[in-house]
Amino acid sequence: MALEGDRVASSLSLLLLLLLAGAGATGYPEPLRPNISGGGVPSMVLPLFLSSPNSTRRAAEAGYFRRRQLSTANARMRLYDDLLTNGYYTTRLYIGTPPQEFALIVDSGSTVTYVPCSSCEQCGNHQDPRFQPELSSTYEPVKCNIDCTCDKTKTQCIYERQYAEMSSSSGVLGKDLISFGKESALTPQHAVFGCENSETGDLFSQHADGIMGLGRGQLSIMDQLVEKGVINDSFSLCYGGMDVGGGAMVLGGISAPPEMVFSPSDPGRSPYYNIELREIHVAGKRLQLDPRIFDRKHGTILDSGTTYAYLPEEAFVAFRDAIMSKLRSLKQIRGPDPNYKDICFAGAGSDVSQLSKTFPEVAVVFGNRQKLSLSPENYLFRHSKVQGAYCLGIFQNGKDPTTLLGGIIVRNTLVTYDRQNQKIGFWKTNCSELWERLHVSGAPSPAPSSSYNTNSTMEISPALAPSGLQGPFQVGLITFDMSLNVTYEDLEPHVSELAELIAHELELSSHQIQLMNITRKRNGTLIRWAIFPAGSADFISNTTAMGIISRLTEHRLRLPENFGSYQLVEWNVEPPSRRTWWQRHLLAIIVGFSVAVLLSFSALLIWYFWRHKLEGPRTYRPVDAAIPEQELQPL
């Protein structure tokens with residue numbers, strides 16, 4: 001997601017691009033991002049971009065940042081969502097006074113942070129209400145100056161971002177107080193951000209409100225905080241594992257664990273966060289590839305906003321063949337989306353912790369000869385339609401020779417972008433227990449504890465629940481209470497319609513959701529719903545359960561106006577019921593017994609008619625008719 005492209009080398013090319021870009025282009029470079037439509041292989045394009053008017057100052061600024069005595073404070077923040085359900089990870093950012101909350105995609109390939117503005121005429125329906133500048137006492141528009149592109153009236157700075165999948169974002173630049181949550185040691189800071197007036201494509205339809213840009217650039221939230229001297233020039237991301245999601249993020253420096261391995265990252269090599277990838281090993285054997293294959297064009301880019309990983313053609317073919325040669329015991333099947341040619345395998349089982357017994361270990365070697373081992377969850381994603389099946393999450397990057405490593409590569413890995421020392425560190429860990437493993441006292445857990453009792457949305461932060469569904473726990477039933485501001489009399493005739501709408505919004509079959517109870521309230525109605533496993537399944541997969549709970553707790557259900565507004569009162573997750581052999585097979589026994597009775601009755605009827613047919617029709621004789629005399633037999 002959101003990767004910047006090549007610099008324009010010559011002034012002639014720059015002039016041509018400026019003419020093509022027109023007056024709407026911004027003075028800041030911004031990347032184009034790949035199309036990440038769920039379920040298949042997204043297309044990846046890394047096009048050219050316009051150089052910033054201030055790009056000549058960046059080397060000097062970088063040196064300036066390194067020389068400054070920076071604070072040791074940092075912002076510890078939670079991450080939400082997951083790769084398979086959403087295609088991205090989000091964090092919560094609070095803008096204005098009083099704070100207005102937003103769910104923003106964490107994107108190390110973007111250089112601007114933006115949210116929908118209340119004045120936006122072409123913005124989609126997202127998780128949270130749009131930003132209302134008029135309600136913030138600390139909001140200030142960024143006035144027109146020589147370092148930005150101005151609006152038509154020459155009064156305010158504007159921005160415009162276009163992306164590879166034909167989506168775009170544009171709006172005005174504002175400055176306000178940005179808070180990083182109650183768990184952050186970093187106090188609220190004034191920063192510049194984008195207030196959207198228009199968005200198209202995936203930006204319009206996504207659930208997340210906007211993007212939090214962590215790339216290199218003047219509008220990047222990282223660059224702004226570092227320039228203020230409030231954090232060290234470093235940030236870290238830790239993505240939760242398969243079926244878990246969530247994670248943690250730190251803006252500022254942390255103490256690197258002794259086991260962390262590093263790769264050099266040269267900011268002059270490309271405008272993105274790059275690493276020096278030299279080798280890939282599968283099952284302990286090095287792929288026979290020229291190391292220079294990973295250094296073409298943009299080199300090897302690490303981008304938190306991209307879902308999967310993309311290799312140059314030659315490297316992808318070698319990797320694919322090496323993996324498939326180790327999986328001859330598994331059955332190759334079609335992917336979940338027929339529009340894409342995913343490489344998938346069935347028969348590996350549903351327990352993620354056991355995948356290493358079936359799938360080979362993969363390792364990458366950096367230019368300094370340090371090695372990072374990858375587990376199967378770092379190159380596989382779960383098949384959404386076949387239980388116990390998995391697909392390769394590493395694809396060919398079209399004809400582009402760039403190597404792009406997305407979020408899947410670093411699941412359950414603490415990644416530290418040490419910009420000050422120009423290196424990126426990797427430490428394999430359980431991101432749900434990050435602070436405990438780092439021995440950080442007083443820090444919040446990146447994911448809530450594994451509690452499955454009834455939870456109230458008034459007591460927990462939205463979207464915390466999905467991160468708690470981890471480990472061997474299986475979800476057998478999800479119940480939730482929904483309060484609607486519609487009277488019982490008006491709602492009762494439309495309960496079936498409401499169930500269909502909820503099932504559609506949660507991407508479930510209509511038979512999976514059932515009404516448990518409906519109660520009158522003073523100014524509305526309280527309804528309890530239950531969600532059951534699909535078909536004959538005994539449990540709901542953790543990924544599906546996380547997606548359901550995330551949509552519920554973040555109020556993503558879009559209901560027609562006649563149902564009014566709703567509030568989630570509480571939800572509960574229960575394990576599959578432990579049934580006896582008779583309970584599990586009761587239906588089969590009843591069916592079998594019924595079939596046996598039916599067959600027996602049918603056989604009896606056939607025998608009866610067959611017997612009477614053999615005896616033939618009997619002759620009627622009057623009562624007084626003469627009967628032939630029969631001779632008695634001697635005794």
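This is a short chat about cavities, one annotated region and a hairpin in a predicted model.

Reader: Hi! What should I know about the model and numbering first?
Author: Residues are numbered from 1 along each chain as its sequence is written, and side-chain values use heavy atoms, without hydrogens or water. The model is predicted, so local features need pLDDT of at least 70 and side-chain atom pairs count only at pLDDT 80 or more, while totals for chains, interfaces and linings use all residues.

Reader: Cool. How many cavities of 30 Å³ or more are there?
Author: Eight, from a search of the whole structure. A cavity is a set of points on a 1 Å grid over the protein atoms alone where a 1.4 Å probe fits but cannot get out.

Reader: And how much space lies in the largest cavity?
Author: About 90 Å³, counted as the space filled by probe spheres set on the points, which are joined across faces, edges and corners.

Reader: Which residues line the largest cavity?
Author: L277, I280, L311, F319, V362, V364, L374, I394, L405 and I409; lining means having an atom within 4 Å of a point. Strands β15 (277-282) and β21 (362-366) each supply at least two of them; strands are DSSP runs of E, at least two residues, and helices runs of H or I, at least four, numbered from the N terminus.

Reader: New topic: what does UniProt list for residues 586-610?
Author: An unreviewed entry lists "transmembrane region" there; such annotations may be inferred rather than shown by experiment. In the model, residues 586-610 are 100% helix and 0% strand, with end C-alpha atoms 36 Å apart.

Reader: Last one: how do β31 and β32 pair?
Author: β31 (residues 513-520) and β32 (residues 525-531) pair in the antiparallel sense over seven bridges; pairing takes at least two DSSP bridges. They form a hairpin with four residues between them, and T519 stands opposite L526 in β32.

Methods
1 Å grid on protein atoms, 1.4 Å probe; cavity = no way out; pocket = protein on both sides within 12 Å on 5 of 7 lines; lining within 4 Å.
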